[in-house]
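Let's take a relaxed walk through a protein fold. Keep the picture in view while you read.

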Amino acid sequence: MAREKDADRGVRGKPAHNSGTEATGPTRAVVIVPVLTRHQRNDDETNRPRLTRSADARHDEAVGLARAINLDLIHTAVVTVNDPRPATLLGSGKVAEFAEIVKEGHAEVVIVDHPLTPVQQRNLEKEMNAKVLDRTGLILEIFGERARTKEGTLQVELAHLNYQKGRLVRSWTHLERQRGGAGFLGGPGETQIESDRRQLQEKIIKLKHELETVRRTRDLHRAKRKKVPFPVVAIVGYTNAGKSTLFNRLTGADVLAKDMLFATLDPTLRRVRLPHGTPIILSDTVGFISDLPTHLVAAFRATLEEVVEADLVIHLRDISDPDTAAQAEDVERILADLGVDAGDANRVIEVWNKVDLLDDGNRERLLADGTDANKAPPIAISAVTGEGIDALKALIETRMSGELEELTVTIEPPQFGLVDWLYRNGDVVSRVDNEDGSATIALKATHTARQEIESRLHRKNRQ
């Protein structure tokens, strides 16, 4: 059974096909979302069934992924697959049906939102006479378009080569062997596939060496940051959860923030001063997604080390998404692969974004359901409107520098150089200028700031 949806055209009112000559436009594509009824996934650690995402949510995500590289979607469909076929995944009837849609719509690309074996991909391309991309291939296409830095480009290329290496069965079907056996009566030589695989492996080794150089450079930068002990706070979450919007809200930066899957690929770091003066380095990272291939995570490990090395991790969730629980589970699984325990309340803060899209009833219900005696309560925010941002900043500062403490200090005239520092790193409650020229200042400061104040006063007294 297939549930079909009419896809929006790249240009409203654009005809399905123009027999005359037309200007080159976006690539026309068909999106197929197979739903395997007998496909039950279990969590590797708990062996419990993983949360199942709804067919509509999978459809919307697949469409979002396709639109992220500006494909013109002429047809989309959710297809229930009771008995996956080893040769084509879909049944022969469905393959023929989609082949006709591709032909009539003059589609050039077919997106199958499911992992395909090399044989399945080759057979579907033959049957539909169009390029076929599975979920991994589509994500790689998006990453390739989004990469801006040298590091990002290298990581995408490495992931793409690892993906391509297992799919050489699709190439060279007309050439069985090359010439070139060793010796006078040498054998037929290596097959073309073996030659291609060898060349790919050589490229992979070269890229790994280049990425190792990038990793060492990142380690040097990280070591320099540690000399000036600014804690690092990394924002992670499912793609399109609003990470870049929150990053811009907290830093005043202008990082690309669009309602688009994988709008941000390369990591961005900015220095931020929290309300009571605590300086931090905030890191915006690539979004996570369900069924992210292992080799893709491995390729981006150099970037994701910013998360591994972070002092505090903000797990940002789009709480307005009906599948937010399944998305959170996917993020927590990838964090676990990186060695980060999402249940560590001392290191991970769960933040619920886009609460402005909820009505009051749903907001209260979700907040009540999200209360867990074993976990810290989530922080509800809207990165767009600014709701809850002050509470989030206060919590980050508490985690980084401790609770606010009240203290009173007397600053002698030779120490007045510290007054400006006190105002920048504490919340001054009152100030009394004394007759002897000194000043008595009552303030609130974090535990870390209090220790720094006492240390600075002690050094001044000794001078």
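What follows covers two sheets and a few helices.

## Before we start

This is a predicted model, in which local features need pLDDT of at least 70, side-chain atom pairs count only at pLDDT 80 or more, and totals for chains, interfaces and linings use all residues. Residues are numbered from 1 along each chain as its sequence is written, and side-chain values use heavy atoms, with hydrogens and water left out.

Helices (H or I, at least four residues) and strands (E, at least two) are DSSP runs, numbered from the N terminus. Two strands count as paired if DSSP finds at least two bridges between them.

## The six-stranded sheet

One open sheet has six strands in the order 7-8-6-9-10-11, and its pairing is mixed. Strand 7 (268-273) and strand 11 (379-380) sit at the edges with a single partner strand each, so one side of each has no neighbour in the sheet. Further in, strand 6 (residues 232-237) and strand 8 (residues 279-284) pair in the parallel sense over four bridges. There, Val-232 stands opposite Ile-281 of strand 8.

Now for the helices on this sheet. Helix 12 (residues 389-401) packs on the sheet, touching strands 6, 8, 9, 10 and 11 (contact means heavy atoms within 4.5 Å). Its direction makes about 175 degrees with that of strand 10; axes are lines fitted to C-alpha atoms, for helices over the stretch in contact, and angles run from 0 to 180 degrees between N-to-C directions. Helix 10 (residues 324-337) lies across strand 6, strand 9 (312-318) and strand 10 (348-353), running at about 155 degrees to strand 9.

## The three-stranded sheet

Another open sheet has three strands in the order 12-14-13, with antiparallel pairing. Strand 12 (404-411) and strand 13 (427-433) are the edge strands, each with a single partner strand, so one side of each lacks a neighbour in the sheet.

Strand 13 and strand 14 (residues 439-446) run antiparallel and are joined by six bridges. Val-428 has Leu-443 in strand 14 as its bridge partner.

## A look at helix 5

How far apart are the end C-alpha atoms of helix 5 (residues 150-165)? They are 22 Å apart, which agrees with the 22 Å that its 16 residues should span at 1.5 Å a residue (the expected span is 1.5 Å times one less than the number of residues). Its buried residues include Leu-154, Val-156, Leu-158 and Tyr-163, where buried means under 20% relative accessible area (1.4 Å probe, protein chains only).

Definitions and conventions:
Buried < 20%, exposed > 50% of the residue type's maximum accessible area, 1.4 Å probe, protein only.
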